Amino acid sequence: MRTFDKYLSRVENFLAGASLIGATALAVFAVLLRNITGDVLFWSEEAIIYLIICSTFFGAVVTLRHNEHVAVDIMPTLLKGKKKKFFVVLGGLMTLIYAGFIAYLSWALISEPFSRTTITPALKLPLWVVELSLAIGMTLFFIRAAEMLIRAVKTPPEALDKDVFAEEAAAVGINVKDVAIDDDPSTTPNNRTTGDDNLGDGDGTKEGDR
């Protein structure tokens, strides 16, 4: 499974990165060419749009791999153990079904007559070439969802438990230790005997000792 994940990740990264880099490079080249020589690549705008569309679908697979898609995960967050694993597996199963359905429709879309007869305005490409990014992207999405579902099934329930408070604090750049509540009575303000009472007066003498 690790070997499969390794090569699948390489394919996902290459497709997402290549399409985004291609769109950026073409946009920069078109601007420089227009400003330096005055020539205009009339097809560049359409090509850039299609490349960005490709990067969107391929990038969605990379986002799924890192589990960074927007999700409402209240129940998995509040629960622990087998109950939490149930919702994690259920969510993975729903994602797999959704991805499979969209992938099926995307390949069916390519087979439609208008996809083969319609030509893009500038690049003069058959429309199915553009739609191919959706089909490939959602197929990879389906494969990645299946891999994540298998991994979730094999993962012990204890390994799914995590400190949500620590993760939320890290997301905003806060150390969870800095905001943790100290339950040790010996460190409460009334029991401190050190010279620094954090009040700015520099006097560590207790009120009752004066």
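Q: Why are H1 and H6 called roughly antiparallel to each other?
A: In this predicted model, the axes of helix H1 (residues 2-36) and H6 cross at roughly 150 degrees and come within 12 Å. Angles over 145 degrees count as roughly antiparallel, so H1 and H6 are roughly antiparallel to each other. Their crossing is left-handed.

Q: Which residues make the contact of H1 with H6?
A: H1 brings Phe4, Asp5, Leu8, Ser9, Val11, Glu12 and Leu15, while H6 brings Ile136, Leu140, Ile143, Arg144 and Glu147. By class, that contact divides into seven nonpolar, one polar and four charged residues.

Q: What makes H2 roughly parallel to H6?
A: Here the angle sits at the other end of the scale. The axes of H2 and H6 cross at roughly 0 degrees and come within 9 Å. An angle under 35 degrees counts as roughly parallel, and therefore H2 is roughly parallel to H6. On the H2 side, the contact includes Tyr50, Ile53, Phe57, Val61 and Leu64; on the H6 side, Val130, Leu134, Leu140, Phe141 and Met148 are among the residues involved. The residues of this contact comprise 15 nonpolar, two polar and two charged.

Q: How do you know that H4 is roughly antiparallel to H6?
A: Look at the angle again: H4 and H6 pack at about 160 degrees, with their axes 8 Å apart. Since the cut-off for roughly antiparallel is over 145 degrees, H4 earns that description relative to H6. The H4 and H6 crossing is left-handed, and the contact between these helices has 24 nonpolar, five polar and two charged residues.

Q: Which helices each supply at least two residues of the largest nonpolar core?
A: They are helix H2 (44-65), helix H4 (81-110) and helix H6 (127-154). This core has 12 residues, namely Leu8, Val61, Leu64, Leu96, Ala99, Ala103, Met138, Leu140, Phe141, Ala145, Met148 and Leu149. H6 gives the largest share, with six residues. If you would like one core residue to click on, try Leu96: leaving aside neighbours within four places in sequence, Leu96 is in contact with Phe142, Ala145, Ala146 and Leu149.

Q: Why does Ser115 count as buried?
A: Buried means under 20% relative accessible area. Ser115 has 0% relative accessibility, so Ser115 counts as buried. This serine lies in helix H5 (residues 113-117). Beyond its neighbours within four places in sequence, Ser115 is in contact with Leu109, Ile110, Pro126, Leu127, Trp128 and Glu131.

Q: What makes Glu45 exposed?
A: The cut-off for exposed is over 50%. Glu45 has a relative accessible area of 58%, and is therefore exposed. Glu45 lies in helix H2. Its C-alpha atom is separated by 7.8 Å from that of Ala27, with the two residues 18 apart along the chain.

Q: What does the secondary structure of the protein come to?
A: There are eight helices and zero strands. Along the sequence, this reads as α-α-α-α-α-α-α-α.

Q: How many of the contacts between residues at least 6 apart in sequence join residues at least 24 apart?
A: In this protein, 66% of those contacts do. As for burial, the protein has 210 residues, of which 25% are buried.

Definitions and conventions
Residues are numbered from 1 along each chain as its sequence is written. This is a predicted model: local features need pLDDT of at least 70, side-chain atom pairs count only at pLDDT 80 or more; totals for chains, interfaces and linings use all residues. Side-chain values use heavy atoms; hydrogens and water are left out. A nonpolar core is a set of buried Ala, Val, Leu, Ile, Met, Phe, Trp, Tyr and Cys residues joined through side-chain atoms within 4.5 Å. Buried means under 20% relative accessible area, exposed over 50%, partly exposed in between (1.4 Å probe, protein chains only). Helices (H or I, at least four residues) and strands (E, at least two) are DSSP runs, numbered from the N terminus. Contact means heavy atoms within 4.5 Å. Axes are lines fitted to C-alpha atoms, for helices over the stretch in contact, and angles run from 0 to 180 degrees between N-to-C directions. Angles under 35 degrees count as roughly parallel, over 145 as roughly antiparallel, 65 to 115 as roughly perpendicular and the rest as oblique. A crossing is left-handed if the near helix is turned anticlockwise from the far one by less than a right angle, and right-handed if clockwise. Ala, Val, Leu, Ile, Met, Phe, Trp, Tyr, Cys and Pro count as nonpolar, Asp, Glu, Lys and Arg as charged, and the others, Gly among them, as polar.
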